[in-house]
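Visitor: I am new to reading protein structures. Please choose one part of this one and take a close look at it with me, step by step.

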Amino acid sequence: MTPRTKVVEGNHYFPSESLHREYFTDSPTKSLCPWKGMARYYTVTAAGAPNPDAAWYDPHPTFLAHRIKNHVAFRNSITVEGTQETKPQKQQ
């Protein structure tokens with residue numbers, strides 16, 4: 001995973017700008033988490049096969065979950081591919 005992911009409840013939330021948007025379509029599905037807020041979902045399509053509600057995000061997370069704003073998480077059925085980033089070196 002990358003230094004920019006946020007781990008919440010065992011899920012890595014990826015920065016939304018890191019997504020390849022051509023694989024994502026909005027889903028009408030919503031769910032409510034008492035401490036994170038209202039989640040929205042994406043259908044993820046790869047190799048022509050749609051995977052409904054395979055990714056989710058919280059557009060307006062609660063104060064307790066503010067760190068996942070503008071981040072997207074995936075179901076375990078999704079394999080995330082890419083180049084792993086390294087942690088930036090601190091300037092001295």
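Guide: We will look at the sheet, starting with its overall layout and then following a few of its strands and residues. Please keep in mind that this is a predicted model.

Let us set the scene. The protein has zero helices and six strands, so reading along the sequence gives the pattern β-β-β-β-β-β. The C-alpha atoms fill a box of roughly 50 × 35 × 20 Å along the principal axes. Of the 92 residues, 36% are buried. The accessible surface comes to about 6,600 Å², with 54% of it belonging to carbon and sulfur atoms.

Now for the sheet. How are the six strands arranged? They form an open sheet in the order β1-β2-β6-β5-β4-β3, with antiparallel pairing. Here β1 and β3 stand at the edges, each with a single partner strand, so one side of each has no neighbour in the sheet. From one strand to the next, the twist averages 35°. As background, strands of a sheet pair through backbone hydrogen bonds, either parallel or antiparallel. The order in the sheet also brings together strands such as β2 and β6, which run antiparallel and are joined by two bridges. Contacts tell a related story: among those with a separation of 6 or more, 40% are between residues 24 or more positions apart.

Start at the edge with β1. This strand pairs with β2 in the antiparallel sense over three bridges, and the bridge partner of V8 is N11 in β2. The hairpin of β1 and β2 has two residues between the strands, and E9 takes a positive phi near 50° there. That is worth a pause, since E9 has this positive phi although it is not a glycine. Is E9 buried or exposed? E9 counts as exposed because its relative accessible area of 53% is over the 50% cut-off.

E9 also has a partner elsewhere in the chain. Its side chain meets that of K36 in a salt bridge, at 3.2 Å from N to O. E9 sits in the loop between β1 and β2, and K36 in the loop between β3 and β4, so the pair ties together parts that are 27 residues apart in sequence. In general, side chains of opposite charge can pair when their charged atoms come close. The two partners sit in contrasting surroundings: E9 is exposed, whereas K36 is buried, with a relative accessible area of 9%. By the rule used here, the count for the protein is one salt bridge.

Step inward to β2. Four of its five residues are buried, which leaves the strand mostly covered. Where β2 faces β6, P15 stands opposite H71.

Next, go to β4 and β5. These two pair in the antiparallel sense over six bridges, and one place to see this is V44, which stands opposite N51 in β5. The loop between β4 and β5 holds A47. Phi of A47 is near 55°, another positive value in a residue other than glycine. A47 is exposed, with a relative accessible area of 88%.

T43, in strand β4 (residues 37–46), makes a good contrast with that loop. T43 is buried because its relative accessible area of 14% is under the 20% cut-off. What does T43 touch, leaving aside its neighbours within four places in sequence? T43 is in contact with Y23, F24, T25 and S27, and also with P50, N51, P52 and D53.

Finally, look at the nonpolar side chains. In soluble globular proteins, nonpolar side chains tend to be buried together. The largest nonpolar core here has eleven residues: F14, L19, F24, Y42, V44, A54, A55, Y57, V72, F74 and I78. The elements giving two or more residues to this core are β4, β5 and β6, and β5 gives the most, with three. Apart from this core lies another one, of eight residues, among them Y13, A39, W56 and I68.

To retrace the route, we began at β1, an edge strand, went through the hairpin where E9 takes its positive phi, and crossed to β4 and β5 with their six bridges. We ended at the core to which β5 gives the most residues.

Notes: Residues are numbered from 1 along each chain as its sequence is written. This is a predicted model: local features need pLDDT of at least 70, side-chain atom pairs count only at pLDDT 80 or more; totals for chains, interfaces and linings use all residues. Side-chain values use heavy atoms; hydrogens and water are left out. Buried means under 20% relative accessible area, exposed over 50%, partly exposed in between (1.4 Å probe, protein chains only). Contact means heavy atoms within 4.5 Å. A salt bridge is a side-chain nitrogen of Lys or Arg within 4 Å of a carboxyl oxygen of Asp or Glu. A nonpolar core is a set of buried Ala, Val, Leu, Ile, Met, Phe, Trp, Tyr and Cys residues joined through side-chain atoms within 4.5 Å. Two strands pair if DSSP finds at least two bridges between them. Axes are lines fitted to C-alpha atoms, for helices over the stretch in contact, and angles run from 0 to 180 degrees between N-to-C directions. Accessible areas come from the Shrake-Rupley method with a 1.4 Å probe; for residues, only the protein chains shown count as cover.
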